[in-house]
Structure formats: structure tokens, C-alpha cells
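Here are some short exercises to try with the sequence and the 3D view side by side. Work through each task yourself before reading its solution.

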Amino acid sequence: ANAHIESNHTDVWYNALPHFHVGGLSIYARAHLSGAKVVESTEKWSAETFIDHASYIEPSLVSLVPAQIYDLVMGGHRAPPSLRAVIVGGGALPHTHFIDACNLGWPLLQSYGLTECASQVATGTRLESSLKLLGHVDAKIDKSGCLMLKSPALLTCYATPTKKNMKFTDPKVDGWLTREDIAELHGDGHLKMLGRKGDFIKIGGESVSMPRLENVLETVKRRRQYNGDLALVAVPDQRLGHVIHLAAEENTHSDLRIVVRDFDAHVLPFERIRQVHVLPY
């Protein structure tokens, strides 16, 4: 990653991502190797605060998720003149937002990465939306169109807590990790991401399992003895990628508000129901 963006000891990273995600944690790894300085954001994210702090921090490098780019574009904020690269990860950035941000002077480098490969796998170049595989990664496409990766940066295994100890599972086969991502691989080492297979969506850069949310909803329904039909819907959203809505059968015998409240209490904040649609039976 450092080689791709030509980072060295003269760079200043402004970290506006959480440490508990590989996108934020990897900034420190890159800086350790390059000798770059890291200045960490200590306040809750807002486009205005980010721009204000950047004016005196004068960062040369930042890493952001699409929702943060959306906020900067919607606020009409121009890029700080000190910035030479903005790595965008954690989900696909709509092309219109990419163009709008570039027109505001943001030097965006779109990227594709995953926790299992210690962050970046492929990264774009300035003013281009295509992704170039980084030097430590080999890739191929399986028969169903899913992306397969091989790299010394790949995980050793998954560790899952059990009642007595830990269960260790290696998802790789002959060193290859198969992803749920559908992609095209071009001969010049460029990757084109087409979407995700299965039931995972992205909300604000976070991977969300729709079957898991549906299990939570069914548990709440049983607990509250709600007898109407309910369905969770992943609705496309310009800022966050997707948001969760609830479609409900018109039912005067049960309190839908209690079901929504209980569901929201058992999921992460970004997974909460944003809107309810009550439909006639």
C-alpha cells in the first residue's frame, strides 16, 4: 500500500476511522513502516469538523469511507491543499459521488480490501475508478464469478469462541480464499468489482448480514407474540449504501412500535430500522 501511494517519512496521515476496523488500524501499520506521522481525530465525525481540523493539521494522506465522502460532497467542501491522496474503502462509492468529489479537488483513490487480507487488495489511481491489484496479491475468478485471493497477508484462520475454548477454522483451500464478491479480472492486473453474492449488504462501510437481522426480527416477534407478517428490506441509500426499512402487514391487534423498539435494541446502531411501511392485508 505504501509503495502504491509512494508514502514516506514526509507524509502526515489524518486518521478519521475507528481502530477496531482494519481500515483505521492499518494506517498505523503503514505509518510505522514509512515513518509517516499520524494525527488522530478525537471527535465524532462531521464534515465540518474534519475540514476545520485539516486546515491546521495539513495532512497529506487520509482514508475515508463512502458515507464520509458523501458528507463532504453534500457540504460542498473543497479538499485541503495539503492532501495528495484520499483512499476510499469500506464499500463502493457511487460514480456520481466520485466525479463530484474529484471536481471539488479531492484526490480520491478508490480501493477494495478486506479484514482477512489485512486491508487493501487493490487500489485505484488518481481520477480513475479502476482498481490495480497490489503487488502482494494474486487473484483469479471461479466458475460462479466469485473473486479468489492468494497472499502472504491472508488470515491464518477464524477463531470462534465456544463454551469451553476456541474453535479454529481455516477458510482457505490450497492457499486461496474465495470471497462472496463478484468481479472481473483483466489481464493488466486491474480488478472490476460487480457486487456481492449472497445476502450481505454494506451500510456506511459496514458488512451486514440480512439473514442475521431476520433472525433477530423473528425472535422479537415470538417474544412479543406479534402475529402479523413483517419483512426487512435493504433499501439503496446515496449516503450509506443501504439502510434498513420494515414492511408490515396492517394489523390492529399488535403494537408494531414495540417490535421496532425491541429490534433496534438488539442490533448495532447502523442496522436499526429507518422507516416503517404499513401495507394493507
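**Exercise 1. Is Cys 102 buried or exposed?**

Keep in mind that this is a predicted model.
- Step 1: Look up the relative accessible area of Cys 102, which is 16%.
- Step 2: Compare this with the cut-off, where buried means under 20%.
- Step 3: Cys 102 is therefore buried, with its 16%.

**Exercise 2. Find out how many disulfides the structure holds, and explain the case of Cys 117.**

- Step 1: Recall the chemistry: a disulfide is a covalent bond between the sulfur atoms of two cysteines.
- Step 2: Find the closest cysteine sulfur to that of Cys 117; it belongs to Cys 157 and lies 15 Å away.
- Step 3: Set this beside the cut-off, which asks for sulfur atoms within 2.5 Å. The sulfur of Cys 157 is too far from that of Cys 117 for a bond.
- Step 4: Now take the whole structure: the count of disulfides is zero.
- Step 5: As an extra, check the accessibility of Cys 117: at 0%, Cys 117 counts as buried.

**Exercise 3. Describe the surroundings of Asp 181.**

- Step 1: Locate the residue: Asp 181 sits in strand β12, which covers residues 177-185.
- Step 2: Check its accessibility. Asp 181 has a relative value of 5%, so it counts as buried.
- Step 3: Look for polar partners. The side chain of Asp 181 has a polar contact of 2.6 Å with that of Tyr 112, and another, of 3.4 Å, with the side chain of Arg 179.
- Step 4: List residues that Asp 181 touches, leaving aside those up to four places away in sequence; among them are Gly 145, Cys 146, Leu 147 and Met 193.

**Exercise 4. Trace the open sheet of 11 strands and name the strands at its edges.**

- Step 1: Write down the order, β2-β1-β3-β4-β5-β6-β7-β13-β12-β9-β8, and note that the pairing is mixed.
- Step 2: Go to the edges: β2 (37-40) and β8 (138-141) each have a single partner strand, so one side of each is left without a neighbour in the sheet.
- Step 3: Add the twist, which averages 45 degrees from one strand to the next.
- Step 4: Zoom in on one pair: β9 (residues 146-150) and β12 are antiparallel, with three bridges. Here Cys 146 has Ile 182 of β12 as its bridge partner.
- Step 5: Finish with a helix on the sheet: α3 (residues 47-57) touches β1, β2 and β3, and its direction makes about 160 degrees with that of β1.

Definitions and conventions. Residues are numbered from 1 along each chain as its sequence is written. This is a predicted model: local features need pLDDT of at least 70, side-chain atom pairs count only at pLDDT 80 or more; totals for chains, interfaces and linings use all residues. Side-chain values use heavy atoms; hydrogens and water are left out. Helices (H or I, at least four residues) and strands (E, at least two) are DSSP runs, numbered from the N terminus. Buried means under 20% relative accessible area, exposed over 50%, partly exposed in between (1.4 Å probe, protein chains only). A polar contact is a pair of N or O atoms within 3.5 Å; within protein, one must be able to donate a hydrogen and the other to accept it, and residues adjacent in sequence count only if both atoms are side-chain atoms. Contact means heavy atoms within 4.5 Å. Two strands pair if DSSP finds at least two bridges between them. Axes are lines fitted to C-alpha atoms, for helices over the stretch in contact, and angles run from 0 to 180 degrees between N-to-C directions.
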